[in-house]
Amino acid sequence: MMQPLFSTLIAIDRRAKQPVYLQIANRLMALAQDGSLHAGLRLPSSRQLAALLDINRQTVVQAYDELIAQGWLESRTGSGTFVARRLPQIQQQRMAGGTSPANAAQTAGFGFKKTPHLQQSIIQSKSKLHLDDGFPDSRLAPLEELSRAYRSQLLEGDPYVRLGYGDNLGSKWLRQVLAGYLNETRCLKMTWRNIIITRGTIMGLYLACTAFVQPGDNVVATALGWSGASMNFLQCGANIITIPADEHGIVVDELEKLCRLHTIRMVYVTSHHHYPTTVALRADRRLQLLNLAKEFGFIIFEDDYDYDFHYLSRPLAPLASADTAGMVLYCGSFTKTLSPAFRVGYLVASEDAINHLGLLRRIIDRQGDTMLENAMAQLLQTGIIQRQLRKAIKEYRLRRDVFCSLLQQQLGDVVQFSIPDGGMAVWAQFDPAIDLVKLSEKALAKGLAMPIGIWRDSETGLNAFRLGFASSTPEELEQAVGIVSGEVVG
C-alpha cells in the first residue's frame with residue numbers, strides 16, 4: 001500500500017501556543033481516527049519524519065512516545081513504529097454526490113427530537129436603555145459587602161470542609177437564617193428543615209414538576225402567564241389547563257368548576273403580583289384556593305417572585321402562611337434583591353417533600369454554590385439584605401411614580417395602565433392598532449431594549465407589554481419613554 005505523504009498531511013504552525021510535538025501527535029491521531037492511517041501502517045522513522053517536516057528529531061520522538069503511551073501507535077523493536085494493529089478499520093465516509101460529511105462540531109451524528117416548547121429567546125440585552133420585564137437595578141446591590149462576605153467564606157475555616165462536597169439541600173447556615181427571615185417577613189411557620197436552596201425559581205419549579213408531576217397529569221395556570229412555567233409543565237408531559245385572571249387575580253370559581261370535571265395535580269399561581277398583570281390575589285380567593293387544595297388534593301405552587309417590593313401598606317401574607325394541610329410549595333429567590341447573575345433561590349415545603357426534592361437535585365446539580373450561599377447567609381444575618389431592601393423600595397417607588405407620570409403624559413392616548421401597588425413593572429395595554437413587534441425593533445435601533453414577551457389577542461383586543469421601571473434611573477426612564485413616544489405618537 002502506498003505510503004501517505006506525511007509532509008502534506010501534517011501542517012505545523014510555529015506561531016501557535018501548542019507545542020509542536022503535540023501538534024504532530026494530534027494530527028496523527030486524527031488521521032488514524034478518520035481512517036487515513038490504517039491499523040498496522042508503518043510510519044516513517046523519527047529521523048525521516050523530522051527531515052520531512054524540517055524539525056528536530058527529538059520533537060518527533062516526543063510525539064511518537066505520546067501516541068504510544070495513549071495506545072494509538074506501537075513500537076516494534078528492530079522494525080519501527082506502526083499504527084496500532086488493534087485499531088478497527090475505518091472507512092472514510094463520503095456523502096451522496098461525493099460531498100464531505102457534515103461537520104461534527106456543528107451537527108450531531110445521531111438523531112434527537114427537538115422540543116418546540118423550549119425554542120424561546122433568551123433574554124440578553126446590551127442596550128444602554130431598557131424597559132425590561134421587571135428586573136432590579138444591579139447598581140443598587142450591596143456588591144462590596146457581598147464581595148467581602150464571599151471572600152471570607154472562601155478563605156476562612158477548614159478548607160476540606162469549606163471547599164468539599166456539601167449538603168444537596170443547600171447551606172445549613174443559609175437555611176437556618178432564611179427560615180427566621182421568612183417566618184418574620186412572610187408569617188411562615190417552619191424550620192430550616194423545610195427549605196431547599198435552589199439556583200432560582202426556575203430550578204425550584206423544574207424540581208417540583210419533575211418530582212411531583214407525571215406525564216398526563218393536569219396542571220392549571222392562568223391563560224396569561226409566565227412562559228418559564230409553561231415550559232416546565234410541557235417538559236414533564238403535563239396537560240396545561242388555563243383559567244382566567246381578572247383585577248383580583250386568578251378566578252378561583254373557574255378552578256373549582258375544573259376540579260369537579262378533572263383530576264388536578266398542580267395549580268401554579270403568582271399570588272402577590274400576578275404575572276404578567278401585576279395584580280394581587282384577593283384575600284377571600286386565597287382562602288378559597290387553599291380550601292380547594294385540601295378538598296381535591298392538588299399541589300399549589302406559589303411563585304412569590306417579588307414579595308419584598310410593595311409600595312403601599314404591608315402586603316398580604318403568602319398562601320403558604322395559612323397552609324395547614326401541607327399543600328403549598330412556596331418558591332422565591334434573591335434575583336430581585338441583588339441581581340439575576342446571583343443564582344440563589346429557595347423552595348419551602350413539608351420536610352418529606354423537601355427531602356424528596358433533595359434526592360432529585362443530587363442527580364441534577366449535586367449542590368449549589370456553597371460559598372455564595374454562606375455569603376448570602378452572612379448578609380442576611382448581619383441585616384445588610386434588609387437595609388438594601390429598604391433602600392431599594394424607596395428608590396423603586398420613586399421610579400414607579402416617575403415612569404407612570406411619563407406614560408400618562410406622553411402615551412396616555414394610546415396606553416392604558418394602572419399604577420401597580422408593588423413589583424418592578426407596569427402592565428401596559430397599547431392600542432390594538434400599534435404593532436408592538438415593530439415598535440420594539442424601531443426602539444432597539446435607537447438604543448432602547450423592550451421586552452421580548454408580547455401578549456396579543458385579536459378577539460379581546462389585548463395588545464400588551466410588561467414594562468419594567470426598576471432597573472432604570474428617572475433620567476433613563478425619561479429617555480426611554482421619549483423614544484417610545486417618538487415612534488408611537490410621532
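A salt bridge is a side-chain nitrogen of Lys or Arg within 4 Å of a carboxyl oxygen of Asp or Glu. With that in hand, let's look at some close-ups of this predicted model.

**Figure 1. Five residues share a network of salt bridges.** The linked residues are D137, R139, E395, R399 and E476. Within this network, D137 pairs with R139, and their closest N and O atoms are 2.8 Å apart. Are these two partners buried or exposed? D137 counts as buried because its relative accessibility is 5%, while R139, at 51%, counts as exposed. Across the whole structure there are 19 salt bridges.

**Figure 2. D365 and R199 meet in a salt bridge.** Here the N to O distance is 2.7 Å. D365 sits in the loop between helix 12 and helix 13, and R199 in the loop between strand 4 and helix 8, so this pair ties together parts that are 166 residues apart in sequence. D365 is partly exposed at 26% relative accessible area, and R199 is partly exposed too, at 30%.

**Figure 3. E256 pairs with R260 in a salt bridge.** Their closest N and O atoms lie 2.9 Å apart. E256 is partly exposed, with 23% relative accessible area, whereas R260 is exposed, with 52%.

**Figure 4. Helix 13 packs against helix 14.** Their axes are 4 Å apart and make an angle of about 70°, so the two helices are roughly perpendicular to each other. Helix 13 (residues 370-381) contributes M376, L379 and L380 to the contact, and helix 14 (residues 384-411) contributes I384, I385 and Q386. Sorted by class, the contact has five nonpolar residues, one polar residue and no charged ones.

Methods:
Residues numbered from 1 in each chain as written. Predicted model: local features only at pLDDT ≥ 70, side-chain atom pairs only at ≥ 80, totals over all residues. Heavy atoms only, no water. Axes fitted to C-alpha atoms, helices over the stretch in contact; angles between N-to-C directions. Parallel < 35°, antiparallel > 145°, perpendicular 65-115°, else oblique. Contact = heavy atoms within 4.5 Å. Nonpolar A, V, L, I, M, F, W, Y, C, P; charged D, E, K, R; others polar. Buried < 20%, exposed > 50% of the residue type's maximum accessible area, 1.4 Å probe, protein only.
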